[in-house]
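Here's a walk through the empty spaces in this fold, followed by a look at its aromatic rings. Have the structure open while you read.

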Amino acid sequence: MLFVVLSVTASAQKTIAFGLSGTYNFPMETLGAGIRANIPVTNRLSVVPRLKYAPKFNQIEEVEAGANAQFDLWDATRRGGSSGPVLYVSVGVLYNRWLNYYPSGNTKARQNNILPEAGLGFLSGGNRLKGFAEAHWNILWNESYAEAGLLFYPFNKRSKKLLKCP
């Protein structure tokens, strides 16, 4: 499996990134945190495995794990650099485990759920560290949430621009 990931990444020109994020679910007014990886498949397509947790201090405590396919609509980095803004769409599926489950007004919600989602995101920053912001829509429950965080690209080379004196 690791061989497949590394060989696909090698042909994609972009490198693997790892990240941390914060989330906010608008209808439920819950806060959470997440971790993710961004694995490029082609120059415009990435697979993004994710894990999120909304802790006990929220009305709903839950864990979500899944993956999204992320497609770049506009990428300024393709003009000859590794920094610049990227606008992308994403679709994916998450497994949701509602840890403090109780019957609610949402008749589709169970303790264990499979949730399809769609989203739009923005990524920008330097060569090794980039910030991102995303808006997601849970299609099954008709809920929206925002996610923002940082991605670290450990395999990108240091920019030579930083090393030159003016």
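Arg36, Val48, Arg50, Asn68, Gln70, Ser90, Glu134 and His136 line the second largest cavity. Keep in mind that this is a predicted model. As for where those residues come from, S3, S4 and strand S7 (129-138) are the elements that give two or more residues to the lining of the second largest cavity. By class, that lining has one nonpolar, four polar and three charged residues.

The count of cavities of 30 Å³ or more comes to two. The largest cavity is lined by Arg36, Ala37, Asn38, Val48, Gln70, Tyr88, Leu123, Glu134 and Leu151. Here S2 gives the most, with three residues. The two cavities set out by volume and by class of lining residue:

| Cavity | Volume | Nonpolar | Polar | Charged |
|---|---|---|---|---|
| Largest cavity | about 40 Å³ | five residues | two residues | two residues |
| Second largest cavity | about 30 Å³ | one residue | four residues | three residues |

Now for an open space. The second largest pocket has a volume of about 360 Å³. Of the 25 residues that line this pocket, Asn25, Glu62, Glu64, Trp141 and Glu143 are the closest to its centre. Which strands each supply at least two residues of the lining? They are strand S1 (17-25), strand S2 (30-40), strand S3 (45-54), strand S4 (62-75), strand S5 (86-98), strand S6 (112-125) and strand S8 (143-152). Sorted by class, the pocket lining has twelve nonpolar, eight polar and five charged residues.

On to the rings. How many aromatic pairs are there? The count comes to three. One of them joins Tyr24 and Phe26, which sit edge-to-face at 5.2 Å centre to centre, with 80 degrees between the planes. Tyr24 is partly exposed, at a relative accessible area of 29%, and Phe26 is partly exposed too, at 44%.

Why does the pair of Trp98 and Tyr101 count as edge-to-face? Their ring centres are 5.0 Å apart and their planes stand at 90 degrees, so the pair gets that label, given that planes over 60 degrees apart count as edge-to-face. Trp98 is buried, with a relative accessible area of 3%, whereas Tyr101 is partly exposed, with 31%. Ring pairs also bring in Tyr102, linking Trp98, Tyr101 and Tyr102 into a cluster.

One last ring has a charge for company: Lys130 lies over the face of Tyr153, 5.5 Å from the ring centre.

Note on methods: Residues are numbered from 1 along each chain as its sequence is written. This is a predicted model: local features need pLDDT of at least 70, side-chain atom pairs count only at pLDDT 80 or more; totals for chains, interfaces and linings use all residues. Side-chain values use heavy atoms; hydrogens and water are left out. On a 1 Å grid over the protein atoms alone, a cavity is a set of points where a 1.4 Å probe fits but cannot get out, and a pocket is an open set with protein on both sides within 12 Å along at least five of seven lines; lining residues have an atom within 4 Å of a point. Grid points are joined across faces, edges and corners, and a volume is the space filled by probe spheres set on the points. Helices (H or I, at least four residues) and strands (E, at least two) are DSSP runs, numbered from the N terminus. Ala, Val, Leu, Ile, Met, Phe, Trp, Tyr, Cys and Pro count as nonpolar, Asp, Glu, Lys and Arg as charged, and the others, Gly among them, as polar. Rings of Phe, Tyr and Trp (its six-membered ring) pair if their centres lie within 6.5 Å; planes under 30 degrees apart count as stacked, over 60 as edge-to-face and the rest as tilted. Buried means under 20% relative accessible area, exposed over 50%, partly exposed in between (1.4 Å probe, protein chains only). A charge sits over a ring if NZ of Lys or CZ of Arg is within 6 Å of the ring centre and within 35 degrees of the ring normal.
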